[in-house]
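Thank you all for making the time this morning. I would like to walk you through one chain, going from a single loop outward to the chain as a whole, and I will try to keep to what the model itself shows.

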Amino acid sequence: MCGLDFPAKARAQLNTSVPTRLPAGKNATAEKLLVAASELMIERASIEVSLSDIAQKSGVNAALVKYHFGNKDGLLLALLARDAATEMSQLDYLLVQPITPTAKLRLHIGGIIRAYRQFPYMNRLIHYLLHESTPDAADEVSKFFVAPLLEFHGRLLAEGVKAGEFRNVDPVLFYTSLIGACDHLFFARHAMSRAVGVGPVTDEVCRDYIKHMEALIFGGMLNPKNETAAAAAE
């Protein structure tokens with residue numbers, strides 16, 4: 001983000017990471033269950049974890065899942081809400097910052113990829129809750145994750161077009177491209193490891209992927225008249 005016209009105070013406040021713990025005041029037992037579920041999914045590179053596995057790792061009786069979350073899907077829904085909370089809370093804040101739409105989009109791309117780095121199971125959890133869980137769970141995911149992101153992308157892309165920085169880009173296609181690319185970096189990693197021997201997603205890989213996605217996205221959507229100005233903002 002070097003060179004962006006972004007106030008130091010705003011940079012300090014714009015935390016694009018996602019908290020690993022629930023906010024203060026949340027029930028400690030419920031928090032243990034969420035942390036255990038998250039750690040197991042990362043360790044196994046899968047969202048297929050049982051309540052008994054979660055209970056064993058957390059040291060909490062599996063019966064308490066029902067007490068705190070209703071059922072396993074309730075726990076998974078709470079986990080996704082926890083993992084996405086910080087990035088979702090920053091969307092409106094980012095839109096009103098006194099920086100260019102290109103700079104805002106650059107910050108957003110980096111924040112989303114870092115969130116997926118921290119919680120690589122996120123998109124698979126979204127797919128499960130949207131398509132394989134209950135209608136109520138699907139509605140909740142749409143409300144706190146999908147709809148806010150789509151609205152943010154629509155507003156930011158429109159701002160970029162109005163400023164003459166972006167070509168006209170469909171927000172739904174943009175959402176699909178960015179979120180799908182974030183997920184696939186981690187979902188496909190194991191297959192690529194077997195095929196060509198690539199290693200895990202390290203900090204260096206994450207930084208390189210952010211640069212790659214910036215180049216890929218901006219190369220396809222920046223207004224040619226403003227590419228030089230956008231490059232100068234890097």
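**From one loop outward**

Let me begin with Ala-45, which sits in the loop between helix 2 and helix 3. Please keep in mind throughout that what you see is a predicted model. The phi angle of Ala-45 is near 55 degrees, and this is a positive value in a residue other than glycine. As for its surroundings, Ala-45 counts as partly exposed, because its relative accessibility is 29%, and the range for that class lies between 20% and 50%.

One step back in the sequence is Arg-44, which still belongs to helix 2. Arg-44 also counts as partly exposed, in its case at 39% relative accessibility. Leaving aside residues up to four places away in sequence, Arg-44 touches Val-49 and Asp-53.

Now, which residue, 77 positions from Arg-44 along the chain, has its C-alpha atom 9.8 Å from that of Arg-44? That residue is Tyr-121, and you will find Tyr-121 in the loop between helix 7, residues 101-118, and helix 8, residues 122-131. Tyr-121 is also 6.8 Å from Ser-46, C-alpha to C-alpha, although the two positions lie 75 residues apart in sequence.

Is Tyr-121 buried or exposed? With a relative accessible area of 1%, Tyr-121 is buried, since the cut-off for that class is under 20%. If we again set aside residues up to four places away in sequence, Tyr-121 touches Ser-38, Met-41, Ile-42, Ile-47, Leu-79, Arg-82 and Asp-83.

That list takes us to the packing of two helices. Helix 2, residues 28-44, and helix 5, residues 72-89, pack with their axes 10 Å apart and at an angle of about 85 degrees. Helix 2 is therefore roughly perpendicular to helix 5, as angles from 65 to 115 degrees are placed in that class. On the side of helix 2, the contact is made by Leu-33, Leu-34, Val-35, Ala-37, Ser-38 and Met-41, while helix 5 contributes Leu-75, Leu-76, Ala-78, Leu-79 and Arg-82. Sorted by class, this contact has nine nonpolar residues, one polar residue and one charged residue. Ser-38, Met-41, Leu-79 and Arg-82, which take part in that contact, are also among the residues that Tyr-121 touches.

Helix 3, residues 51-58, belongs to the same part of the story, and its buried residues are Ile-54, Ala-55 and Ser-58. These residues lie on the same side of helix 3, because they cover an arc of only 100 degrees around the axis. What do the buried residues of helix 3 pack against? They pack against helix 2 and helix 5, the pair whose axes I have just described. Right after helix 3 comes Gly-59, and its phi is positive as well, near 75 degrees.

For contrast, let me turn to Glu-132, in the loop between helix 8 and helix 9, the latter covering residues 135-162. Glu-132 counts as exposed, because its relative accessibility is 58% and the cut-off for that class is over 50%. Its C-alpha atom is 9.9 Å from that of Asp-73, with the two residues 59 apart in sequence.

Finally, the chain as a whole. It has 13 helices and zero strands, and of its 234 residues, 44% count as buried. Among contacts with a separation of 6 or more, 73% join residues 24 or more positions apart, and the approach of Tyr-121 to Ser-46 gives one picture of positions far apart in sequence, 75 residues in that case. The chain exposes about 11900 Å², of which carbon and sulfur atoms supply 55%.

Definitions and conventions. Residues are numbered from 1 along each chain as its sequence is written. This is a predicted model: local features need pLDDT of at least 70, side-chain atom pairs count only at pLDDT 80 or more; totals for chains, interfaces and linings use all residues. Side-chain values use heavy atoms; hydrogens and water are left out. Helices (H or I, at least four residues) and strands (E, at least two) are DSSP runs, numbered from the N terminus. Buried means under 20% relative accessible area, exposed over 50%, partly exposed in between (1.4 Å probe, protein chains only). Contact means heavy atoms within 4.5 Å. Accessible areas come from the Shrake-Rupley method with a 1.4 Å probe; for residues, only the protein chains shown count as cover. Axes are lines fitted to C-alpha atoms, for helices over the stretch in contact, and angles run from 0 to 180 degrees between N-to-C directions. Angles under 35 degrees count as roughly parallel, over 145 as roughly antiparallel, 65 to 115 as roughly perpendicular and the rest as oblique. Ala, Val, Leu, Ile, Met, Phe, Trp, Tyr, Cys and Pro count as nonpolar, Asp, Glu, Lys and Arg as charged, and the others, Gly among them, as polar. The arc is that of the directions from the helix axis to the C-beta atoms.
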